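Student: I am new to this structure. Could you show it to me, then take my questions one by one?

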Amino acid sequence: MKLLVLQFAGDTIVDFDWLNSVEDRIVDVLTDGDEVDGHDMGNGEMNIFILSGNPTQTFTRIMKKLPDIQSRGELRAAYRDVNGDSYSILWPRSATKFKVT
């Protein structure tokens with residue numbers, strides 16, 4: 001199992017409301033075996049955590065079904081083993097570092 005992280009810029013109450021609405025929409029597009037594992041917010045970033053057996057496929061599905069989520073700040077996406085520390089970056093493709101603070 002992998003942990004997929006979708007990361008956005010933001011730290012206001014309006015941003016938090018938006019994050020909750022996106023999380024609800026993501027729940028609706030996930031398939032069997034994938035599940036939202038929560039979210040957090042702080043230090044100018046917002047994260048949605050998704051457990052997935054195939055994070056690349058899950059990310060692609062989310063982006064196809066919810067393309068508008070890219071318009072809210074800088075979207076970053078990466079995944080790691082649930083018990084791991086090292087992230088594999090999915091988006092943006094040019095990124096070389098990913099960190100959850």
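**A first walk through the model**

Tutor: Start with Glu74, which is partly exposed, with a relative accessible area of 49%. Buried means under 20% relative accessible area, exposed over 50%, and partly exposed in between, with a 1.4 Å probe and protein chains only. This is a predicted model, where local features need pLDDT of at least 70, side-chain atom pairs count only at pLDDT 80 or more, and totals for chains, interfaces and linings use all residues. Residues are numbered from 1 along each chain as its sequence is written, and side-chain values use heavy atoms, with hydrogens and water left out.

Student: Which residue forms a salt bridge with Glu74?

Tutor: A salt bridge is a side-chain nitrogen of Lys or Arg within 4 Å of a carboxyl oxygen of Asp or Glu. Here the closest N and O atoms are 3.9 Å apart. The partner is buried, with a relative accessible area of 17%. It is Arg76.

Student: How many salt bridges does the structure hold?

Tutor: Side chains of opposite charge can pair when their charged atoms come close. Asp34 and Arg61 form one such bridge, with the closest N and O atoms 3.5 Å apart. The structure's count of salt bridges is 4.

Student: Which residue forms a salt bridge with Asp68?

Tutor: The closest N and O atoms of this pair are 2.8 Å apart. The pair links distant parts of the chain, 43 residues apart: Asp68 lies in the loop between helix 2 and strand 4 (76-81), its partner in helix 1. Helices (H or I, at least four residues) and strands (E, at least two) are DSSP runs, numbered from the N terminus. The partner is Arg25.

Student: Is Arg25 buried or partly exposed?

Tutor: Look at its relative accessibility, which is 31%. Arg25 therefore counts as partly exposed.

Student: What does helix 1 reach from its first C-alpha to its last?

Tutor: Helix 1 covers residues 13-29, which makes 17 residues. The expected span is 1.5 Å times one less than the number of residues. That gives 24 Å here, and the model comes close to it. The helix reaches 25 Å.

Student: Why do the buried residues of helix 1 line one face?

Tutor: Asp15, Trp18, Leu19, Val22, Glu23, Ile26 and Val29 are buried. An α-helix has 3.6 residues a turn, so residues three or four places apart point the same way. The arc is that of the directions from the helix axis to the C-beta atoms. Seen down the axis of helix 1, the buried residues line one face because they fall within an arc of 140 degrees.

Student: Which residues are exposed on the other side of helix 1?

Tutor: The buried residues pack against strand 1 (2-9), strand 2 (35-42), strand 3 (45-52) and helix 2 (55-65). On the other side, the exposed residues are Ile13, Val14, Asp24 and Asp28.

Student: Which element gives the most to the largest nonpolar core?

Tutor: A nonpolar core is a set of buried Ala, Val, Leu, Ile, Met, Phe, Trp, Tyr and Cys residues joined through side-chain atoms within 4.5 Å. The largest has 21 residues, and Ile26 and Ile50 are among those with the most contacts inside it. Strand 1, helix 1, strand 3 and helix 2 each give two or more residues. With 5 residues, the element that gives the most is helix 1.

Conventions: Contact = heavy atoms within 4.5 Å.
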